[in-house]
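I open my notebook and go through one structure, a topic at a time. I start with charged pairs, then turn to what is packed inside, and end at the surface.

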Amino acid sequence: MSLSLEQFAEPEPNGEGEGEGEVAALSPLLRPPRKRGANVISVFLENKLALVGAVVLALIALFCYLGPVFYHTNQVATNLAVSGEAPSASHWLGTDNVGYDELGRLMVGGQSSIEIGFAAAALAGLFGVLWGAISGFFGGIVDSLMMRVVDALLAIPALFVLLLMAALIRVNTLNLTLVVAFFAWLVPARLIRGETLSLRAREYIQAVRGMGGGATRSIFVHVIPNAIGTIVVNITFQVADAILVLAALGYLGFGLPPPAANWGAMLSQGVGYLYSGYWWLIYPVGGLIIVTVMSLNLIGDALRDAFDVRLQRR
């Protein structure tokens, strides 16, 4: 029996379907990986609740900062002649007990609440990130001492100390920001310390240290940038917490002194008129606090999912 060479030749693809199937199977491997920023944005945009929260937060910011441009009110001088008026054409949300226009006061109070909330969260995040990164990177006795400071401060009732500090110092925007940030840095410090303990064992960190790279370069160039997801998410939640703490201090009478306004102080004043039927002094400001905090929490939840590599598209 004679055998031809054709019998040992490799079979050719049978039609177009087989060749295209192999290419399709390999296409995910051949496709270049997407950038991390594109992955984060993509996952964030898929979260509809986060988009609603972002839109609502933007509308609240426009209400607070652009509202006074179109709705002019006097938030400096009191006017007892129109105190306690119900909503009308001249005062869309009525007036408070000393004659301030309530709608205009919501705008001014929102400005201070948002500014102090974001400033306190940024300050707490910056200090907490540095504290946690240094503690986790060096480890040993340094880590033990630094974390014991954090544990000791966490064991102290925060609201009690905040009230004590607010009573002892002169209350203004700067001091109130420092008071709110005094305890807010503890949570990011613990989070970043945990991230640093995980990151410092990675190969690239070991390679940098093996090539003579110092601790400063390792922390600021490699550790903190690789923990940026945790930092951004935590700061988002810190803003919401700072607004709530500021509202609590204002409710207890330790907010910005008049004629300055904040939502907590407005709510505290309105509660005294709850049984008098002055609903416009309570529900609008309470609703703004709730909606603002909920919007920030929705954005924070979406950012946490977006920075989770398991949920990012490859």
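**Entry 1: a pair in one helix**

I looked up Asp151 and found its side chain meeting that of Arg148 in a salt bridge, 2.7 Å from N to O. I note that the model is predicted. Both Asp151 and Arg148 sit in helix H6, 3 residues apart, which is about one turn of the helix. I then asked how open they are. Asp151 has a relative accessible area of 27% and is partly exposed. Arg148 is partly exposed too, at 47%.

The pair does not stand alone in my notes. Arg148, Asp151 and Arg190 are linked in a network of salt bridges.

**Entry 2: a pair across two helices**

How many salt bridges does a search of the whole structure find? I wrote down 4. One of the pairs I checked is Arg193 with Asp143, whose closest N and O atoms are 2.6 Å apart. Arg193 belongs to helix H9 (residues 186-199) and Asp143 to helix H6 (residues 140-154), so this pair ties together parts that are 50 residues apart in sequence.

Is Asp143 buried or exposed? Asp143 is buried, with a relative accessible area of 8%. Buried means under 20%, so I was content with that label for Asp143 at 8%. Arg193, at 25% relative accessibility, counts as partly exposed.

**Entry 3: another pair in one helix**

I moved on to helix H14 (residues 283-306), where Arg304 and Asp301 both lie. Their side chains meet in a salt bridge, 2.9 Å from N to O. They are 3 residues apart, about one turn of the helix. Arg304 is partly exposed, with a relative accessible area of 47%. Asp301 also counts as partly exposed, at 28%.

**Entry 4: the nonpolar cores**

Next I looked inside. The largest nonpolar core has 22 residues. Which residues have the most contacts inside it? I listed Leu176, Phe183, Trp185, Leu186 and Leu249. Two or more residues each come from helix H5 (102-138), H6, helix H7 (158-168), helix H8 (173-184), H9 and helix H12 (228-251). H8 gives the largest share of this core, 6 residues.

Apart from this core lies another, of 17 residues. Phe44, Val239, Ala240 and Ile299 are among them.

I then picked out Trp185 and left aside its neighbours within four places in sequence. What is Trp185 in contact with? My list reads Ala124, Phe127, Gly128, Trp131, Val150 and Leu153.

**Entry 5: a nonpolar patch on the surface**

Last, I went to the outside. Val55, Leu59, Leu62, Leu66, Val69 and Phe70 make a nonpolar surface patch of about 620 Å². Helix H3 (48-65) and helix H4 (67-70) each supply at least two residues of the patch. Which helix gives the most? H3 does, with 3 residues.

I checked one member by itself. Val69 lies in helix H4. Val69 has a relative accessible area of 48%, so I put it down as partly exposed. A residue needs over 30% to be part of a patch, and Val69 at 48% fits that cut-off.

**Entry 6: looking back**

I keep three pictures from this predicted model. Helix H6 holds Asp151 and Arg148, and Asp143 in H6 pairs with Arg193 in H9. H6 and H9 also turn up among the elements that give two or more residues to the largest core. The nonpolar patch, in turn, draws on H3 and H4.

Note on methods. Residues are numbered from 1 along each chain as its sequence is written. This is a predicted model: local features need pLDDT of at least 70, side-chain atom pairs count only at pLDDT 80 or more; totals for chains, interfaces and linings use all residues. Side-chain values use heavy atoms; hydrogens and water are left out. Patches are made of residues with over 30% relative accessible area and no salt bridge: like charges are joined within 9 Å, nonpolar side chains (Val, Leu, Ile, Met, Phe, Trp, Tyr) within 5 Å. Accessible areas come from the Shrake-Rupley method with a 1.4 Å probe; for residues, only the protein chains shown count as cover. Helices (H or I, at least four residues) and strands (E, at least two) are DSSP runs, numbered from the N terminus. Buried means under 20% relative accessible area, exposed over 50%, partly exposed in between (1.4 Å probe, protein chains only). A nonpolar core is a set of buried Ala, Val, Leu, Ile, Met, Phe, Trp, Tyr and Cys residues joined through side-chain atoms within 4.5 Å. Contact means heavy atoms within 4.5 Å.
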